[in-house]
Amino acid sequence: MQQLLADKREREKRVVAQMIQLYCSKQHHNGATLCKECSCLLSYANERIEHCPFIKEKTFCSNCRVHCYQPQMRADPPGDALCRTKAAASSSGVGSAPSG
């Protein structure tokens with residue numbers, strides 16, 4: 001059973017990575033590499049998938065009764081504001097923005 005859940009988590013991560021890659025290549029025109037904001041969004045999404053308590057019965061995050069993504073990460077464009085804030089904080093040496 002644990003292996004099935006691990007496989008489901010990995011499959012979910014692959015699908016999300018593909019969606020973010022498509023979005024980034026169409027919206028940010030970066031080709032095969034993710035821009036900083038989309039890379040940040042992918043890391044954020046992977047962290048959420050890794051800790052999802054509903055992975056066993058999960059369908060789509062949008063159908064979930066608990067929205068674990070911060071509102072900034074669900075915005076359009078997804079994650080740009082929060083990731084820019086985190087990138088600016090880390091490049092300035094101030095410390096990272098809190099995750100939630």
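Helices here are DSSP runs of H or I at least four residues long, numbered from the N terminus. By that rule, Cys61 sits in the loop between α2 and α3. The model is predicted. Keep that in mind throughout.

Start with the overall plan. The chain has three helices and zero strands. Read from the N terminus, its elements run α-α-α. The first helix, α1, spans 2–27, and α2 spans 36–50. The third, α3, covers 80–92. Of the 100 residues in the chain, 32% are buried. Take the contacts between residues at least 6 apart in sequence: 55% of them join residues at least 24 apart.

Now look at how α1 and α2 pack. Two packed helices are described by the angle between their axes and the distance between the axes. The axes of α1 and α2 come within 10 Å. They cross at roughly 160 degrees. An angle over 145 degrees counts as roughly antiparallel, so α1 and α2 are roughly antiparallel to each other. The crossing of α1 past α2 is right-handed.

Which residues make this contact? On the α1 side they are Arg9, Glu10, Glu12, Lys13, Val16, Ala17, Ile20, Tyr23 and Cys24. On the α2 side they are Cys38, Leu41, Leu42, Ala45, Asn46, Ile49 and Glu50. By class, the contact of α1 with α2 holds ten nonpolar, one polar and five charged residues.

Next comes the core. In soluble globular proteins, nonpolar side chains tend to be buried together. The largest nonpolar core in this model has eleven residues. They are Val16, Ile20, Cys24, Cys35, Cys38, Leu41, Leu42, Tyr44, Ala45, Ile49 and Tyr69. Two elements, α1 and α2, each give two or more residues to this core. The largest share, six residues, comes from α2.

Val16 gives a good view of this core, as one of its members. Set aside its neighbours within four places in sequence. Val16 is then in contact with Leu42, Ala45 and Ile49. Those three partners also belong to the core, and they appear on the α2 side of the helix contact.

Move along α1 to Glu12. This residue lies in helix α1. Is Glu12 buried or exposed? Its relative accessibility is 18%, so Glu12 counts as buried; the cut-off for buried is under 20%. Beyond its neighbours within four places in sequence, Glu12 is in contact with Ile49, Lys58 and Cys61.

Cys61 is the next stop. At 32% relative accessibility, Cys61 counts as partly exposed. Residues up to four places away in sequence aside, Cys61 touches Glu12, His67 and Tyr69. Of these partners, Tyr69 is a core residue. Ile49 is twelve residues from Cys61 in sequence, and their C-alpha atoms are 9.6 Å apart.

The loop between α2 and α3 also holds Ile55. Its relative accessibility is 3%, so Ile55 counts as buried. What does Ile55 touch, not counting residues up to four places away in sequence? Its partners are Leu5, Lys8 and Arg9. A further pairing is worth tracing on the model. Ile55 and Ala6 are 49 residues apart along the chain, with their C-alpha atoms separated by 9.3 Å.

Finish at the loop between α1 and α2, where His28 lies. At 24% relative accessibility, His28 counts as partly exposed. His28 and Cys38 are ten residues apart along the chain. Their C-alpha atoms are separated by 9.2 Å. Cys38 is itself one of the core residues, and it takes part in the contact of α2 with α1.

Technical notes. Residues numbered from 1 in each chain as written. Predicted model: local features only at pLDDT ≥ 70, side-chain atom pairs only at ≥ 80, totals over all residues. Heavy atoms only, no water. Core = buried A, V, L, I, M, F, W, Y, C linked by side-chain atoms within 4.5 Å. Buried < 20%, exposed > 50% of the residue type's maximum accessible area, 1.4 Å probe, protein only. Contact = heavy atoms within 4.5 Å. Axes fitted to C-alpha atoms, helices over the stretch in contact; angles between N-to-C directions. Parallel < 35°, antiparallel > 145°, perpendicular 65-115°, else oblique. Left-handed = near helix turned anticlockwise from the far one by under 90°. Nonpolar A, V, L, I, M, F, W, Y, C, P; charged D, E, K, R; others polar.
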